[in-house]
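Here are a few exercises to work through with the model open beside you. Try each one before reading its solution.

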Amino acid sequence: MAAMRRAERLFQIIQILRRSKRNPIRAHDIADELETSLRTVYRDIAQLLAERVPIRGEAGIGYILEDGFDMPPLMLTADEIEAAMLGAQWVMGRGDAALARAARDLVAKIGAVVPAHLKPLALDSTLVSPNWKRMEVDAVDMVRLRAAIHAQTKIAIAYADEKGQQSERMIWPIAVSYWDTTRVVVAWCELRKAFRSFRTDRIRAADFRPERYPIARTRLTAQWRKETAEAIAAGTRGAPSPTA
């Protein structure tokens, strides 16, 4: 049993280092998170190094997991399995048809490959994410929409606002926001010269264009997050709303 606990602790140390990316993390911080002694962390780091895990750093400075290291798939802890199951339930209840189907497939795959003692967590989870509300029906092909986001290509849409007034827009889609009953496309709008949100059930027509928009999606997303945070902090708007 002690050996099993140590194996899980070694796995958790790798996960902590992976999470920190290129920022060195101190042994003291690892010990705090794992609720163990500093001496134990140093001993575990030494064990990982002996097993050729590419950890760089030293005591008093911090440790980094170098690029190129990978572990066998689905070495999941109990908490990670429950988190995955809860997330999958949420997507099955609120995602579009393709994502809901993918979530069901994910649950089946995890249930098929996790160790026997963890199967109950995957097949009979004690965590639930019920959705008793009626979801609005998407009026746009969500698979093509997500593909356009990944490809960073423009979409010409006909959009009806909450009053039914229709307008023509050329948008640069950067994200889809999933709410309890609606889904929203976050995009740069060429007409308004600003970020706007468009409910997918109000998109009356969509022409998926092949041309890429001129600014990288990562930059646009960072700018949208910055503007949203500043507006909320200044009190000029509330949390992002699922309406456009």
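**Exercise 1.** Which residue takes a positive phi in the hairpin of β5 and β6?

*Solution.* Keep in mind that this is a predicted model.
- Start with the strands: β5 covers residues 183-189 and β6 covers residues 194-199, and the two run antiparallel, joined by six bridges.
- For one such pairing, go to Trp188, whose bridge partner in β6 is Phe195.
- Now look at the turn, where four residues lie between the strands. Lys193 is the residue with the positive phi, near 55°.

**Exercise 2.** Work out which strands stand at the edges of the open sheet of five strands, and what that leaves them without.

*Solution.*
- Write down the strand order, which is β6-β5-β4-β3-β7 with antiparallel pairing.
- Read off the ends: β6 and β7 (203-212) each have a single partner strand, so one side of each has no neighbour in the sheet.
- Check the twist too: on average, neighbouring strands of this sheet are turned by 40° against each other, direction ignored.
- Then step inside the sheet, where six bridges join β3 (residues 153-160) to the antiparallel β4 (residues 166-178). Here Ile155 stands opposite Ile171 of β4.

**Exercise 3.** Find where the buried residues of helix α2 lie around its axis.

*Solution.*
- List buried residues of α2 (residues 27-34): Ala27, Ile30 and Ala31.
- Look down the axis of α2: its buried residues fall within an arc of 100°, so they line one face of the helix.
- Recall the helix geometry: an α-helix has 3.6 residues a turn, so residues three or four places apart point the same way.
- Finish just past the helix, where Glu35 follows α2 with a positive phi, near 55°.

Conventions: Residues are numbered from 1 along each chain as its sequence is written. This is a predicted model: local features need pLDDT of at least 70, side-chain atom pairs count only at pLDDT 80 or more; totals for chains, interfaces and linings use all residues. Side-chain values use heavy atoms; hydrogens and water are left out. Two strands pair if DSSP finds at least two bridges between them. Axes are lines fitted to C-alpha atoms, for helices over the stretch in contact, and angles run from 0 to 180 degrees between N-to-C directions. Buried means under 20% relative accessible area, exposed over 50%, partly exposed in between (1.4 Å probe, protein chains only). The arc is that of the directions from the helix axis to the C-beta atoms.
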